[in-house]
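Let's take a walk through a protein model together, from the inside out. Please have the sequence and the 3D view at hand.

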Amino acid sequence: MKTRSPKPLLTGLMWAQQGTTPGTPKLRHTCEQGDGVGPYGWEFHDGLSFGRQHIQDGALRLTTEFVKRPGGQHGGDWSWRVTVEPQASVQGIRPPSMAATMSSGPPTQDCPC
């Protein structure tokens, strides 16, 4: 995810559900049509300083929220919260393994984001 600002903060989230199927858990870092994740999408956002999105992945509901507080010498402070909720109908589900990524550097050839 990135904002529409001239110097965007780039953020990412990866997750894997442990113990859901035999073998190696599937590591997810995108939501694509046809990959079994959904529904997903933004509940609200302004494209610059705040937003909330929901991602339904099987028995898990992930919610990501971000807000930017303006000020300081570098344009402000960012806060980012990730909430994972197991659905009530599923018993004994384990929390996922998660990793967050952030970058404020310039775009590269590999990522012209």
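What follows is a tour of the core, the salt bridges and a surface patch. Keep in mind along the way that this is a predicted model.

Let's begin inside. The largest nonpolar core is built from 6 residues, namely L13, W15, V37, I55, L60 and L62. Strands β1 (10–16) and β5 each contribute at least two residues to this core. V37 is a good place to pause: setting aside neighbours within four places in sequence, V37 is in contact with R28, C31, I55, Q56 and D57. One of these contacts, I55, is itself a member of the core.

Two other contacts of V37, R28 and D57, lead us to the charged residues. In general, side chains of opposite charge can pair when their charged atoms come close. D57 and R28 form a salt bridge, with 2.9 Å between the closest N and O atoms. D57 belongs to strand β4 and R28 to strand β2 (residues 27–28), so this pair ties together parts that are 29 residues apart in sequence. Are these two partners buried or exposed? Both D57 and R28 are buried.

The count for the model is 5 salt bridges, so let's look at some others. R52 and E65 meet through their side chains in a salt bridge, at 2.9 Å from N to O. Because R52 sits in strand β4 and E65 in strand β5 (residues 60–69), the pair ties together parts that are 13 residues apart in sequence. The two ends are placed differently with respect to the surface: R52 has a relative accessible area of 25% and is partly exposed, whereas E65 is buried, with a value of 15%.

E65 also has a salt bridge with the side chain of R81, again with 2.9 Å from N to O. R81 lies in strand β6 (residues 77–86) and E65 in strand β5, so here the pair ties together parts that are 16 residues apart in sequence. Stepping back, you can trace a network of salt bridges that links E43, R52, E65 and R81.

Finally, let's move outward. Which residues make the nonpolar surface patch of about 240 Å²? The patch is made by F44, F50 and V67. F50 is found in strand β4 (residues 50–57), the strand that also holds R52 and D57. F50 counts as partly exposed because its relative accessibility is 33%, and patch residues need over 30%.

Notes: Residues numbered from 1 in each chain as written. Predicted model: local features only at pLDDT ≥ 70, side-chain atom pairs only at ≥ 80, totals over all residues. Heavy atoms only, no water. Patch = residues over 30% accessible without salt bridge, like charges linked within 9 Å, V, L, I, M, F, W, Y side chains within 5 Å. Areas by Shrake-Rupley, 256 points an atom, 1.4 Å probe, with all protein chains shown as cover. Salt bridge = Lys/Arg side-chain N within 4 Å of Asp/Glu carboxyl O. Helix = DSSP H or I, 4+ residues; strand = E, 2+ residues; numbered from the N terminus. Buried < 20%, exposed > 50% of the residue type's maximum accessible area, 1.4 Å probe, protein only. Core = buried A, V, L, I, M, F, W, Y, C linked by side-chain atoms within 4.5 Å. Contact = heavy atoms within 4.5 Å.
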